[in-house]
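Please look over the points below with the model open beside you. They go from one local turn outwards to the chain as a whole.

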Amino acid sequence: MAVRSFIYIFYLIMVFSSAVFSQQESPNYKTYTAKIGNRDTLVNLDDKFLIQFSEILTLQSKILIPLSDYVLDHRNGIIKLDKDLFKKYDLDTFQIYNLKIDYDIFPYNLKEEYSGFNIVLEKDSLTGDTVQIATQKKDFISSIFDGTELEKSGSIFRGVTVGSNQDLTLNSGFRLQLNGKLSSDFEINAALTDESSPIQPEGNTEKLQELDKVFIEIKNKNFTGTIGDINVNIENTEFMNFKRKIQGGKVFSDYGIGNIYLSGAVQRGKFNSNTFNGQDNNQGPYILIGRDNEINILVLSGSEKVYLDGVAMIRGEQADYVIDYGIGSVKFTNKRIITNASRIIVDFEYSDRKYSRIILSGENQIRFFNNKLKLGVSYVNQNDNEDKTIDFTLSPEDKQILENAGDDRFKAVKSGVQYVGKDSVTGIGLGLYAKEDTLINKSSITYYKYLPGDTNAVYQVVFSYVGQGKGNYSQQSSFQYNFTGPGSGVYDTLVFIPVPASHNIADVNLNYESSSRKEFTFNLETAVSVFDANKFSTIDDNNNRGLAFLGTIGVNKYNFRLFGIKLNAVELKLKEKLTNKIFTPLERYNPVEFYREYDIQDSNKLTEDLREASLRVAPTNYINIKGSFGQLLRGDSFNSLRTAGDFLLKNDSLGLPEIIYKIELINTDNSDVNSKSRWLRQFASTGYKKFFGGYSFDNPNLEFRLDYIQEDRQNKLTGLQGGDSLQSGSFAFYELKPKLILNNFHNLNVYSEFGYRKDNLPSDGVLKKESEAFTQIYGVGYRGISWLTTILELTLRDKKYYDEFISETNSNNRTLLVNWQTRLDPFNSAFQTDLYYNITSERQSKKEKDFVQVRFGEGNYIYLGDLNGNGLKDENEFQLTSFNDGNYVRIFRESSQLFPVTGLSTSARLNLKPARFFNITGSGFTEELLRNISAETYLRAEENSRDQNTDNIYFLNFGTFQNDSNTLFGTQLIQQDINFFEFNPLYSLKLRYSQQKTFNQYVSGNERFFLYKDQ
C-alpha cells in the first residue's frame, strides 16, 4: 500500500513538473496571433492568469521589449502596445501585420468571482418591494476541513485606503498555515499565501525568517512529497555536495533497503565563490562579484558561507559578520579584526535573471548487510533555456557572437560604443562621450571622454566591469567613467552577452563501515560532469566531459595493547583522489584552504592527483598525536609534498596545562615557471586554567594563554635564471599573542589580549623587515547587580612600515574598534537607561541615486522627460507621485570609489516612571494619573566621517559632524515621548516631539534633510 501511495504521489508531482519544465509539450503553453495596424494599441488574449515572464511577442521577426514596447496585464490577458510601435520599428503604417504571442498559463481554472455570501431575493413586508439580501455562507475554510484532524491558522484581511491626495485603493491579503492528518496514513504541512515579498531580509541576525515561503508537503511513514519553495540538499559525498533554494517539487521515499529522492524545479540563483584578502583598517563592506563579473548583485538570503582564515564565520551583529543581500556586500563586526593578512572566502548564490533555468536532481541509496554497505547514486542537471530569455533580448547579431565565442567568456562580448550623432538644430552631440586620442609609451591610444552637452559628444558608451587590471576606465558615477590608461582600470567599453549553459553531474559511491565505531571503512566514488559553457556554440564542445575518482581506506583500533603499551586509540587513513582538468563540480569539493595547504599559486584548471595518508595515536584520553603526508600532482609540471604533525595535551580534571603544537612543511616544484618553494608553518599554543572552588565553569577561574604563529615561505627560481635569489611570493612572519582571562569573579568577566607581529618581504633577492604590528584587545562584562549590566570591548592595532616599504598603498595606520553596551535599571525600574557606543574602521563609497523602471502602478516616481536637454535622466527630472501611476522606483547604489572612514553609531535611551519612586495611594483621578504617567527620551547619532582628527568622532564633537567635506553619511535624532495610561486597553495618550537631521554626500552632490514632528 505504501509503495502504491508513493507511486501515485510521485506521478502527480512529475505531472506538475512536466507542465512547468516542458513548454513545447505542455497544454499550458499557448500561441495567439493578433492582426494589428498602426492605430491598434490593445490586444485581448483568449486566456487569463498568464505566468509572469513567460510571454514572447514577435512582430516581423523582432522580439518586443516588455515595458518599452508593451505592457501586459497577466491577470486579465490584456496587452497594451506602445502607440509609437510602428514608428520605432519602421513599419508601414498602411499595412496590417501579424503579432505572434507565445505564453504560458497556470494549470488551473479560476472563477471570476468568489464570495462568502449568497444573494437571496425576498419581499419587504412593509413596502412590498423585492429586495436582495446577502446571507453569509458557511466559512469556506472551515467547510473544507470539517471532519478532519487538520489544524489551521492564518489570516485574511481586506482594507480600503483613501485620502485627499490619492485615489481609492483596495488592499487584500491571505495567509494559511495548515498541518495535521488527511487520513490515518497521510499528513499534510502547508504554508499558502497570495502575497509576494520581493524584500530580502536583513543579514544582521544568525537566523533569517523567510517571509514569502510557500509550499505544500504531504507525507506518511515511508515518503514525503513537497511542492512550492523547497531546499535541495545532496550531501555526504566528495564530489556532489549540493545545496540550493529552488521553486518546484520534490519527493523522498524510504522503501526499507534504501531510499530515493527526486526533485524538479526552477532555480532561483547561481552559485559563485569570491576569494580575496582583507585590508588594514577596514572592517568592510567588501563587495561581492558574480561569476561573470556582475556587480550590485542580489544575494539570496541565507545562501552565503563566509570563511575567515579557513574558519567558518557566524552571521549577526553580535557575532562575526553582517551581510547586505540587496547590494551584495559583507562587513565584519568588531569581534573579528580584519588586516591585510586576513584570508576571506565567501560562497554564495545570487539572482541571475538572464535565462529560464531548470534544475533536476535525484539521489538513490541502497543498504546491504545491516546498513554496513551502502551504494549511492546521485544526479543533478542544471540547464538554461537558450530560447527563453528574461529581462533582455538576443538579436541575431548577438547569437552569432555567441556561436563564435566558444567557451571563452571574454569573446562573448560586443562593443559598448554607439554613434548617435548631433542635434540638427543646436549642433550639440546627442551622446555623453567624445572620442579622444592620446600617446602612451609612444603608442597612439583612442579613448572616450565624458563630455555631456559638448558638440563632440556624439557617442553613447556602455561600460562593463572586467576585473582588476583588465580594464582601461574607472567609474565615477553610473553615467561617468574616466580613462585611466591600459590595464589600470576595472571597466571597459564592452557589453557582456549573457551565455546560456548546461551542467550535468552524476556520482556513484560505495561505502562500507564495519560497525558504528568504524574499525574498518572504505569508500569508492566516481563522478562524471558534462559542462557546456555556451549552448549556442559547438566550439570547444570536445572538452565538456570530465571525470573524478576517489578511494579511501580507514582502520581504527580502540583500547588495545601494542608492544606491551596500552593505547586508547589508533587511526590510520589512506586516500587517493584523481580529477581531470575538465571535471567541473557544482560547488566547492576541496577544503576551503586546499590551495594554501598545497601551496598552489595559480587558478589554472589542471588534472590533479592527490595522495594522502594520516596516522593518529592517542595513548590516553588527553593526549593526541597525529602525523600526515600528502602529495599533489597538477598536470605534468607541478609537484607538491606536504608533511604535517599535530600534538595535543588537554585534560582539565588533571589540572594540567593545555598544549597544542602544529607544524607543516610544504615543498613544491613547478617546472613550467622553473621555481621551487619551501613553506614552513608552525602554530603553538599553551594555556592554563586555575579554578577556585571546584572544577566547574560556574566557579571563578583564571586562565592564561599564549599563542605563537610562524610562517616562512621561500620561493626561488631554478636553473640559470634565478640562482638562490628570492622571488615574489616569498615572505616570513611571526606573531605572539598572550591572553589573560578572569571569569566569574564576583560576576565580573575581564580579559586582555596583546599581539605582536613582524613581517618580512623580499627586496633585492633577500628577506627584509617590512612592518611591525602591535594589537591590544580589552574586554569587560559585569552582571553582578540586578539593575546594572555592562559589556565593553576595545581593540587597538598600530601598524608601522619600515622606510624601504612605505608607499601610497603601504602607510602607517591605526585601527580602533569599540563596542560598549550598558543598561541601568535601578529603583524598581523607575529609572531605565540604555547606552550604546560603537566605533569601527571602514571603507565607504558615496551613494548614487538611481531610478529603475518598473511596471506601471508599481512605482512611486514618474519621469517628467529630459527637461534640460542633456540626454540624461537627472534626479530633478523625476517626481514623486501620490497616485497609482508611478513606473519608477528610487534605489541607492554604491559607487566604485571607496574612502577610509571612521564609523560611529551611538544612542541613549532614558525611560522614567515617576510612580515607582513613591508609593501613591488613593483611587482618585489625580492618583490614577500619577500612577500611569511615564516619559522616554531617545537620542541617536550615526556618522561615517573621513575626518583626519579621529578624536572628533571618538569623543562626540558634534560641531564637526555632518561636515560637507568629511561626512559621507550622518544622522542625529532627538525624540521625546510622554505617555498617559500607556498600557490601558481602553484609552491612552502619547505626546511626542522628534527632530532629525540627516546628511548624505551623494555622487551628484550633498543633501541635507531636516525633519521636525510634534504630535
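**Notes on the model**

1. Gly 635 takes a positive phi near 60° in the hairpin of E41 and E42, a hairpin with 3 residues between its strands. Helices (H or I, at least four residues) and strands (E, at least two) are here DSSP runs, numbered from the N terminus, and two strands are said to pair if DSSP finds at least two bridges between them. The model is a predicted one, in which local features need pLDDT of at least 70 and side-chain atom pairs count only at pLDDT 80 or more, while totals for chains, interfaces and linings use all residues. Residues are numbered from 1 along each chain as its sequence is written, and side-chain values use heavy atoms, with hydrogens and water left out.

2. The two strands of that hairpin, E41 (residues 623-634) and E42 (residues 638-649), run antiparallel and are joined by 12 bridges; Ile 623 has Leu 649 of E42 as its bridge partner. E42 is also joined to strand E43 (residues 658-670), again antiparallel and through 12 bridges, with Ala 644 standing opposite Glu 664 in E43.

3. An open sheet of 4 strands, paired antiparallel, follows the order E17-E23-E19-E20. Strand E17 (269-277) and strand E20 (311-312) are at the edges, and each has a single partner strand, so one side of each lacks a neighbour in the sheet. Between E17 and strand E23 (residues 343-351) the antiparallel pairing extends over 9 bridges, and Ser 273 stands opposite Asp 347 in E23.

4. On the surface, Phe 692, Leu 702, Phe 704, Leu 706, Tyr 734, Leu 736 and Leu 740 form a nonpolar patch with about 560 Å² of accessible area together. Strand E45 (701-717) and strand E46 (731-745) are the elements that give two or more residues to this patch. Patches are made of residues with over 30% relative accessible area and no salt bridge (a side-chain nitrogen of Lys or Arg within 4 Å of a carboxyl oxygen of Asp or Glu), with nonpolar side chains (Val, Leu, Ile, Met, Phe, Trp, Tyr) joined within 5 Å and like charges within 9 Å. Areas come from the Shrake-Rupley method with a 1.4 Å probe, and for residues only the protein chains shown count as cover.

5. Tyr 734, found in strand E46, counts as partly exposed because its relative accessibility is 30%; buried means under 20% relative accessible area, exposed over 50%, and partly exposed in between.

6. For the chain as a whole, the secondary structure comes to 8 helices and 58 strands, and buried residues make up 39% of the 1015 residues. The chain exposes about 56,100 Å², of which carbon and sulfur atoms supply 52%.

Technical notes
Buried < 20%, exposed > 50% of the residue type's maximum accessible area, 1.4 Å probe, protein only.
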